[in-house]
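Trainee: Before we begin, could you show me the model, and then take me through how helix packing is read from it?

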Amino acid sequence: MVTAQQPMNRLDRRKARTRQALLDAARAFLAEHGMAEVSIQDLTEAADVGFGSFYNHFTSKQELFHAAIADVLEEHGQLLDEVTADIEDPAEIFAASVRKTARMIWTHPQIARILAQTGMSYLASEEGLAPRALRDIRRGIEAGRFHIDNPYVALATTAGSLCALINLWVTDPDVVDEAACDELTEQVLRMLGMPRRSAHAIVNRPLPRS
């Protein structure tokens with residue numbers, strides 16, 4: 001028998017707010033500096049919580065950073081699920097995910113910066129773009145849309161291309177626009193073995209709104 005979830009009491013709500021404040025502070029540090037040296041004191045001050053409160057939620061700053069990245073990947077994954085919910089063609093699902101991720105430069109700049117800082121180390125994550133891209137690459141192969149031997153190599157190339165584009169935006173934003181996002185996606189599709197005309201047609205379709 002399924003029982004209704006009990007509402008959170010005042011203490012639980014306060015704990016949840018403190019935990020989220022720490023996660024938000026960690027995300028801000030990750031976006032600007034990656035996992036560069038930062039003290040727990042810096043994190044608690046940025047979160048505006050007491051130093052002692054930190055250890056009620058995390059055993060170390062490394063645990064906090066990993067939780068913050070998991071939070072980012074989950075948000076990213078939910079966004080991609082919404083964008084591709086009504087698409088059936090695996091090649092178009094893959095392309096929409098890449099196009100949407102590239103556009104996070106403007107729509108979700110914090111997520112984009114965190115992906116650029118830490119994304120390559122999370123290729124094996126069960127959340128975010130990586131598992132969805134791998135799934136869609138495999139489906140594209142099965143459907144005869146993609147023509148490659150190793151989907152993991154395709155995944156690594158896709159992730160590397162996206163991180164490089166985001167880094168290019170960070171260093172020289174004037175050279176990256178929506179056309180550049182679609183050009184990158186078209187090049188990735190062609191790398192996966194799609195004919196130029198088919199790849200070009202897919203990236204010029206309206207991008208679903210999330």
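Trainee: At what angle do H1 and H2 pack, and how far apart are their axes?

Mentor: A word on the source: this is a predicted model, in which local features need pLDDT of at least 70 and side-chain atom pairs count only at pLDDT 80 or more, while totals for chains, interfaces and linings use all residues. Residues are numbered from 1 along each chain as its sequence is written, and side-chain values use heavy atoms, with hydrogens and water left out. Axes are lines fitted to C-alpha atoms, for helices over the stretch in contact (heavy atoms within 4.5 Å), and helices are DSSP runs of H or I with at least four residues. Here H1 and H2 pack at about 115°, their axes lying 8 Å apart, which makes H1 roughly perpendicular to H2 (65 to 115 degrees). On the H1 side the contact involves Ala21, Leu22, Ala25, Ala26 and Phe29, and on the H2 side Asp42, Leu43, Thr44, Ala46 and Ala47.

Trainee: Which residues of helix H2 are buried?

Mentor: An α-helix has 3.6 residues a turn, so residues three or four places apart point the same way. In H2 (residues 40-47), Ile40, Leu43, Thr44 and Ala47 are buried (under 20% relative accessible area, 1.4 Å probe, protein chains only). Their directions from the helix axis to the C-beta atoms fall within an arc of 95°, so they line one face of the helix. On the other side of H2, Glu45 and Ala46 are exposed (over 50%).

Trainee: What do the buried residues of H2 pack against?

Mentor: They pack against helix H1 (10-33) and H3. Leu43 is also among the residues touched by Leu64.

Definitions and conventions:
Helix = DSSP H or I, 4+ residues; strand = E, 2+ residues; numbered from the N terminus. Axes fitted to C-alpha atoms, helices over the stretch in contact; angles between N-to-C directions. Parallel < 35°, antiparallel > 145°, perpendicular 65-115°, else oblique.
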